[in-house]
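Subject: Structure for your files

Hello,

Here is the structure you are taking over. My notes follow below it.

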Amino acid sequence: MASNKKFRFGPIALTTTLTTNLLNPAAASGGVNAGSSAQYIVLNHIRISNKTASAATFSLWLGATGANAAGTEVIGTAMPVPANGSIDYYGSMRIDAADFLVGGSGTATALTITGEGEIGVAG
């Protein structure tokens with residue numbers, strides 16, 4: 001993955017809409033012999049931070065745009081984040097152009113998501 005570029009996303013305030021698209025790599029564009037190849041993301045770190053004095057929960061899914069279907073949960077299902085605290089995920093989660101990281105919070109704008117990883121060209 002030497003040709004991949006490091007990137008970060010966020011901060012994004014999580015809302016109570018649990019079907020909010022949070023992250024998706026670019027898809028291929030253009031016609032024959034034009035445009036660009038689809039991209040992919042390898043997420044290495046996600047942080048969910050709570051800026052309030054009360055615990056709040058979050059849920060994240062990996063799947064179709066604007067969807068949170070059963071069986072697509074990836075990090076947290078109503079997972080609590082302590083007051084004025086944070087939760088960290090470390091791993092190597094690949095997200096392709098057809099995949100969307102989707103999610104939200106049980107409390108409007110109490111939580112903020114940020115993340116780091118690498119982005120590369122799939123083609």
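Strands here are DSSP runs of E at least two residues long, numbered from the N terminus. By that definition Pro11 is found in strand β1, residues 5-13. The model is a predicted one, and every value below was computed from it.

**Overall fold**

The protein has eight strands and zero helices, so the order of elements from the N terminus reads β-β-β-β-β-β-β-β. The radius of gyration is 15 Å, close to the 14 Å that the globule rule gives for 123 residues, so the protein is as compact as a globular protein of that length. Along the principal axes, the C-alpha atoms fill a box of roughly 55 × 30 × 20 Å.

Buried residues account for 34% of the 123 residues. The accessible surface is about 6300 Å², and carbon and sulfur atoms hold 55% of that area. Of the contacts between residues at least 6 apart in sequence, 80% join residues at least 24 apart.

**Backbone points to check by eye**

Most residues other than glycine have a negative phi, and most peptide bonds are trans. Three places in this model depart from that pattern.

- The peptide bond from Gly10 to Pro11 is cis, and its omega is near 5 degrees. As said above, Pro11 belongs to strand β1.
- Ala78 is not a glycine, yet its phi is positive, at about 55 degrees. Ala78 is in strand β5 (residues 73-81) and, at 46% relative accessibility, counts as partly exposed.
- Asn84 also has a positive phi of about 55 degrees without being a glycine. Asn84 sits in the loop between β5 and β6 (86-95). With a relative accessibility of 56%, Asn84 counts as exposed, because the cut-off for exposed is over 50%.

**Arg47**

Arg47 is part of strand β3, which covers residues 39-50. Its relative accessibility is 33%, so Arg47 counts as partly exposed. Which residues does Arg47 touch, leaving aside those up to four places away in sequence? They are Ser86, Ile87, Asp88, Thr112, Ile113 and Thr114. With Asp88 there is also a polar contact, side chain to side chain, at 2.8 Å. Tyr89 is 42 residues away from Arg47 along the chain, but their C-alpha atoms are separated by 6.5 Å.

**Ser105**

Is Ser105 buried or exposed? Ser105 is buried, with a relative accessible area of 2%, because anything under 20% falls in that class. Ser105 lies in strand β7 (residues 100-105). A polar atom of the Ser105 side chain lies 2.9 Å from the backbone oxygen of Thr107. Beyond the residues up to four places away in sequence, Ser105 touches Leu14, Thr15, Thr16, Leu18, Ala56, Thr57, Phe58 and Leu111.

**Aromatic rings**

How many aromatic pairs are there, if ring centres must lie within 6.5 Å of each other? The count is zero. There is, however, a charge over a ring: the charged end of Arg94 sits over the ring of Tyr40, 3.9 Å from the ring centre.

That is what I have on this one.

Regards

Notes. Residues are numbered from 1 along each chain as its sequence is written. This is a predicted model: local features need pLDDT of at least 70, side-chain atom pairs count only at pLDDT 80 or more; totals for chains, interfaces and linings use all residues. Side-chain values use heavy atoms; hydrogens and water are left out. Helices (H or I, at least four residues) and strands (E, at least two) are DSSP runs, numbered from the N terminus. Buried means under 20% relative accessible area, exposed over 50%, partly exposed in between (1.4 Å probe, protein chains only). Contact means heavy atoms within 4.5 Å. A polar contact is a pair of N or O atoms within 3.5 Å; within protein, one must be able to donate a hydrogen and the other to accept it, and residues adjacent in sequence count only if both atoms are side-chain atoms. Rings of Phe, Tyr and Trp (its six-membered ring) pair if their centres lie within 6.5 Å; planes under 30 degrees apart count as stacked, over 60 as edge-to-face and the rest as tilted. A charge sits over a ring if NZ of Lys or CZ of Arg is within 6 Å of the ring centre and within 35 degrees of the ring normal. The radius of gyration is taken over C-alpha atoms; the globule rule is 2.2 Å times the number of residues to the power 0.38. Accessible areas come from the Shrake-Rupley method with a 1.4 Å probe; for residues, only the protein chains shown count as cover.
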